[in-house]
Amino acid sequence: MSTAPNRRAVAVILLIPLMVTLALWAFAWPAARIAPRDLPVGVAGAAPAAEQLEQRFEQRDGAFEVHRYADEAAARAAIEDRVVYGAVVATPQGPHLLTASAASPVVSQLLREAVTASAPEGTRVEVTDVVAAPAGDPRGSALGASVLPLALAGMAAGAVVTLMGLRGARGALTLLAASALVGLAAAAVAHSWLGVVTGDWWTEAGVLALTVLAIGSAVAGLAALFGPRGIGLGALLMVLLGNSFSGVTSAPQLLPEPVGAIGQWLPPGAGGSLLRSVAFFDGSAAGGPLLTLSLWSALGLAAVLLARRTPKPVEPARTEPAEPAEPAGPARESALAG
């Protein structure tokens, strides 16, 4: 009796728990360890009140990265440029907290709680949302939920191109066309219908298309280099790690190190950051994510363009059965006579 089926059964029994464990680690572990880690915040106002605010932030070692600004206008400009997530302005009436819920509603709530808790008892903390999240998505949950569909769309595009044997220019053009259509459809849903993003429509569509292209071309490129196993590797990088490490639902600086940094090097995280920049901050801090997506797209498309198509097996030439030769001479005459 062959032991091959038994080995395959044991492999499946062991593989499924391993996959579940890996998925739980990738999704649950970062979510359970959310806390500020070098979170950029600003402090503005005249000394010594501003210095006291800065010291309170620095007491939480490694939690905040404090930036000093001369006045409230400079702090607001830093928030709008995505240099800091928020700032505290020292005023004669007490601390004035500036937040940007469009950058991260989770960080805005965290700063509100931290500043309120550290303020002297009986002091009222004034809060101003400098760049507010859209009314259609005040908690940022819809924007965070959009990362997985984009990752799945890119994954599907790369896998289908690979399984259909599309290589070279045809494969690259297929990825470009599919990504462009996904970007248009996603912008129609997220912007026009749900109101999740509120920037320039065509710019948002381009960012969504570039995100899908980066994921799809990476998957197809890995498959071109490593065969069908490349699809599994692409799923691991883009869907499992890329989605769970993206930080779109919270912020990269709230995830355990180095998860937050890794997430920004992968297309889902870079795409989420770039979409926030163009949708709410007029493109501020868009350079890094744009470069990341462009590199993934260029490298993946290059692998698809340079991949050789798998040659079709040559079918053996079909030969017709030879007709029996007619007997010649006396043999033919005797055959006719018979």
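A cavity is taken here as a set of grid points where a 1.4 Å probe fits but cannot get out, and its lining residues are those with an atom within 4 Å of such a point. In the present structure, which is a predicted model, this rule yields two cavities of 30 Å³ or more.

The largest cavity has a volume of about 80 Å³, and its lining is made up of L143, S146, V147, L150, V207, L208, T211, P268, G271, G272 and L275. At least two residues of this lining are supplied by each of the helices α6 (147-163), α8 and α11 (267-280), and the largest share, four residues, comes from α11. In terms of class, the residues around the largest cavity divide into seven nonpolar and four polar, with no charged residues.

The second largest cavity holds about 50 Å³ of space and is lined by S101, A102, P105, A133, P134, D137, G140, L143, V196, R276 and F280. Its lining comprises seven nonpolar, two polar and two charged residues. L143 appears in the linings of both the largest and the second largest cavity.

Open space was examined in the same model. The largest pocket encloses about 630 Å³; it is lined by 34 residues, of which Y85, P252, Q253, Q264 and S273 are the closest to its centre. The elements that contribute two or more residues to the lining of this pocket are α10 (259-265), α11 and α12 (287-306), and among the contributions that of α11 is the greatest, at six residues. Helix α11 thus recurs as the element that gives the most to the lining of the largest pocket and the largest share to the lining of the largest cavity. By class, the lining of the largest pocket contains 16 nonpolar, 12 polar and six charged residues.

On the surface of the model, L22, W25, L225, F226, L233 and L236 form a nonpolar patch, whose residues together have about 540 Å² of accessible area. Two or more residues of this patch are given by each of α1 (4-32), α8 (201-226) and α9 (229-244), so that α8, which also supplies at least two residues to the lining of the largest cavity, takes part in the surface patch as well. One of the patch residues, W25, is found in helix α1. W25 counts as partly exposed because its relative accessibility is 38%, a value that falls between the limits of 20% for buried and 50% for exposed residues.

How values were computed. Residues are numbered from 1 along each chain as its sequence is written. This is a predicted model: local features need pLDDT of at least 70, side-chain atom pairs count only at pLDDT 80 or more; totals for chains, interfaces and linings use all residues. Side-chain values use heavy atoms; hydrogens and water are left out. Patches are made of residues with over 30% relative accessible area and no salt bridge: like charges are joined within 9 Å, nonpolar side chains (Val, Leu, Ile, Met, Phe, Trp, Tyr) within 5 Å. Accessible areas come from the Shrake-Rupley method with a 1.4 Å probe; for residues, only the protein chains shown count as cover. A salt bridge is a side-chain nitrogen of Lys or Arg within 4 Å of a carboxyl oxygen of Asp or Glu. Buried means under 20% relative accessible area, exposed over 50%, partly exposed in between (1.4 Å probe, protein chains only). On a 1 Å grid over the protein atoms alone, a cavity is a set of points where a 1.4 Å probe fits but cannot get out, and a pocket is an open set with protein on both sides within 12 Å along at least five of seven lines; lining residues have an atom within 4 Å of a point. Grid points are joined across faces, edges and corners, and a volume is the space filled by probe spheres set on the points. Ala, Val, Leu, Ile, Met, Phe, Trp, Tyr, Cys and Pro count as nonpolar, Asp, Glu, Lys and Arg as charged, and the others, Gly among them, as polar.
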